[in-house]
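Here is a brief report on pockets, surface and charge pairing. Look over the model first, then read on.

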Amino acid sequence: MIIDTKEETDAELENKIKEDMQHQLVKVDKNGEINDESYRVNVRGAEIEQQKAMVAIVASLFMYIAFILISAVGTILAVQSLSDSTKYKYRYLTLRRLGINDKSLFKTIRKQLLILFCVPAISAILCSFVMMSSLNNVYQQILGDKHLYLIYFGLNLIIFFLIYSIYWIATYIGFKRNINEES
């Protein structure tokens, strides 16, 4: 039997229906054990609640994996940039001797690091958006809201840029410190 209700349903309605139907459709022996249960109750609201909980669990798992990968990428980029700054100190020293002031030099370093950090970020953001929208199209029927993935995507972007900007700032400060050691 399928019933269309005027209000939204939830897990409480499912429990109420199960309790009301139990005395009519469940066969219990003299020991009080259930022998035959000849019905099943599914309520759309309860299913939506379960799906939202599952989406939250999966999203949390993916956010954890993303955090690990962001940390790995940020660390690799930072170490590579800092080793380049140490390795090529003489180039920055030569630029200073040619008359480039520190403000212009640091502006160039900021741009260089920004490009180095942004290229992998842009490709990762585009790939993840395409993947999330494709997955949303596949699972749209069982999700309660068809635009829920945009909220998760936005929250992940905020966290991503927060962590990534910390790596960029730390790398910039370390880069400046490395090239200022000799001069």
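The text below covers the largest pocket, a nonpolar surface patch and a salt bridge.

**Pocket.** The model is predicted. Its largest pocket has a volume of about 1,100 Å³. The lining counts 35 residues, and those closest to the pocket centre are Phe 62, Ser 128, Met 131, Met 132 and Asn 156. Helices H2 (44–87), H4 (102–139) and H5 (148–180) each supply at least two lining residues. H2 gives the most, with 13 residues. What is the chemical make-up of this lining? The residues divide into 31 nonpolar, four polar and no charged.

**Surface patch.** A nonpolar patch of about 990 Å² sits on the surface. Its members are Met 54, Ile 57, Val 58, Leu 61, Phe 62, Tyr 64, Ile 65, Phe 67, Ile 68 and Leu 69. Phe 62 thus appears twice: in the patch and among the residues closest to the pocket centre. Leu 61, another patch member, lies in helix H2.

**Salt bridge.** The structure holds one salt bridge. The side chains of Asp 102 and Arg 96 form it, at 2.8 Å from N to O. Side chains of opposite charge can pair when their charged atoms come close. Which partner is buried, and which is partly exposed? Arg 96 is buried because its relative accessible area of 16% is under 20%. Asp 102 is partly exposed, at 38%.

Relative accessible areas of three residues follow.

| Residue | Relative accessible area | Class |
|---|---|---|
| Leu 61 | 48% | partly exposed |
| Asp 102 | 38% | partly exposed |
| Arg 96 | 16% | buried |

Definitions and conventions: Residues are numbered from 1 along each chain as its sequence is written. This is a predicted model: local features need pLDDT of at least 70, side-chain atom pairs count only at pLDDT 80 or more; totals for chains, interfaces and linings use all residues. Side-chain values use heavy atoms; hydrogens and water are left out. On a 1 Å grid over the protein atoms alone, a cavity is a set of points where a 1.4 Å probe fits but cannot get out, and a pocket is an open set with protein on both sides within 12 Å along at least five of seven lines; lining residues have an atom within 4 Å of a point. Grid points are joined across faces, edges and corners, and a volume is the space filled by probe spheres set on the points. Helices (H or I, at least four residues) and strands (E, at least two) are DSSP runs, numbered from the N terminus. Ala, Val, Leu, Ile, Met, Phe, Trp, Tyr, Cys and Pro count as nonpolar, Asp, Glu, Lys and Arg as charged, and the others, Gly among them, as polar. Patches are made of residues with over 30% relative accessible area and no salt bridge: like charges are joined within 9 Å, nonpolar side chains (Val, Leu, Ile, Met, Phe, Trp, Tyr) within 5 Å. Accessible areas come from the Shrake-Rupley method with a 1.4 Å probe; for residues, only the protein chains shown count as cover. A salt bridge is a side-chain nitrogen of Lys or Arg within 4 Å of a carboxyl oxygen of Asp or Glu. Buried means under 20% relative accessible area, exposed over 50%, partly exposed in between (1.4 Å probe, protein chains only).
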